[in-house]
Number of protein chains: 2
Amino acid sequence: MQEDPRVTFGRRLSELRKVKGWSQEKLSLESGIARSYLGGVERGQRNIALLNICRLAETLEVPIGELFQHWR
Amino acid sequence: MQEDPRVTFGRRLSELRKVKGWSQEKLSLESGIARSYLGGVERGQRNIALLNICRLAETLEVPIGELFQHWR
């Protein structure tokens with residue numbers, strides 16, 4: 001059974017955040033997205049939408065496709 | 001000013017659908033996503049969420065990153 005995309009996305013977001021050496025608080029501060037929501041995204045519990053996906057990619061200074069690297 | 005991501009995504013979705021030679025009706029039938037919603041996504045009017053993005057990539061048989069090709 002294929003992994004839930006929310007879990008895959010959450011793991012990838014967490015990876016990219018840690019590469020920058022940022023805490024969730026820092027990513028929340030920089031992106032303007034609530035820390036509690038980001039926590040839910042990273043735990044694979046949120047069905048994040050396009051505009052927030054783009055905001056996170058921009059904040060992390062990666063092309064949006066990077067958030068979907070290593071996916072099927 | 002950077003293009004609205006919803007417009008960029010909608011254009012890319014339309015491109016990939018046409019590469020397959022599919023109408024919006026066909027993509028709707030194959031994906032189980034309402035045609036009217038797909039029309040709104042392709043017109044750049046919908047803030048589509050992750051699970052639907054993944055369902056469209058799977059239906060179009062492309063890696064999800066393909067929907068974000070040629071983005072910044």
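**Note on a predicted two-chain model**

1. Arg12(A) has a relative accessibility of 9% and therefore counts as buried, the cut-off being under 20%. The model is a predicted one, and this arginine offers a convenient entry to chain A. Its partner in a salt bridge is Glu66(A), with 2.8 Å between the closest N and O atoms. Because Arg12(A) belongs to helix 1 and Glu66(A) to the segment after helix 4, the pair ties together parts of chain A that are 54 residues apart in sequence. Glu66(A), at 26% relative accessibility, is partly exposed. A network of salt bridges links Arg12(A), Glu15(A) and Glu66(A).

2. A further salt bridge joins Lys20(A) to Glu61(A), again with the closest N and O atoms 2.8 Å apart. Here the loop between helix 1 and helix 2, which holds Lys20(A), is linked to the segment after helix 4, which holds Glu61(A); the two residues are 41 residues apart. Glu61(A) is exposed, with a relative accessible area of 60%, whereas Lys20(A) is partly exposed at 28%.

3. Glu3(A) and Arg11(A) also form a salt bridge through their side chains, at 2.9 Å from N to O. Glu3(A) is partly exposed at 37% relative accessible area, and Arg11(A) is partly exposed at 43%. Over all chains, the structure holds 16 salt bridges.

4. Helix 1 of chain A covers residues 5–19, and its end C-alpha atoms are 21 Å apart, in agreement with the 21 Å expected for 15 residues at 1.5 Å a residue. Its buried residues include Phe9(A), Leu13(A) and Leu16(A). The buried residues of this helix pack against helices 2, 3 and 4 of chain A and also against helix 4 of chain B. Just after the helix, Gly21(A) adopts a positive phi of about 75 degrees.

5. For residues 13–67 of chain A, an unreviewed UniProt entry lists "domain: HTH cro/C1-type". This span is 60% helix and 0% strand, and its end C-alpha atoms lie 7 Å apart.

6. A turn of 180 degrees, with a shift of 0.0 Å along the axis, lays chain A on chain B with an RMSD of 0.0 Å. This is the relation of a two-fold axis. Ala49(A) is the residue of chain A that comes closest to the rotation axis, its C-alpha being at 1.9 Å.

7. Between the chains, 21 residues of chain A contact 21 residues of chain B. The copies meet through the same surface, because 100% of the interface residues of chain A are also interface residues in chain B. About 1,700 Å² is buried between them, with carbon and sulfur atoms giving 70%. The count of salt bridges between chain A and chain B is zero.

Conventions. Residues are numbered from 1 along each chain as its sequence is written. Chains are lettered from A and ligands numbered from 1 in the order in which they are written. This is a predicted model: local features need pLDDT of at least 70, side-chain atom pairs count only at pLDDT 80 or more; totals for chains, interfaces and linings use all residues. Side-chain values use heavy atoms; hydrogens and water are left out. Copies are superposed by least squares on the C-alpha atoms of residues with pLDDT of at least 70 in both. Contact means heavy atoms within 4.5 Å. Helices (H or I, at least four residues) and strands (E, at least two) are DSSP runs, numbered from the N terminus. The expected span of a helix is 1.5 Å times one less than its number of residues. Buried means under 20% relative accessible area, exposed over 50%, partly exposed in between (1.4 Å probe, protein chains only). UniProt positions are given in the numbering used here, feature names are shortened, and annotations may be inferred rather than shown by experiment. Buried area is the accessible area (1.4 Å probe) that two parts lose on being put together, summed over both. A salt bridge is a side-chain nitrogen of Lys or Arg within 4 Å of a carboxyl oxygen of Asp or Glu.
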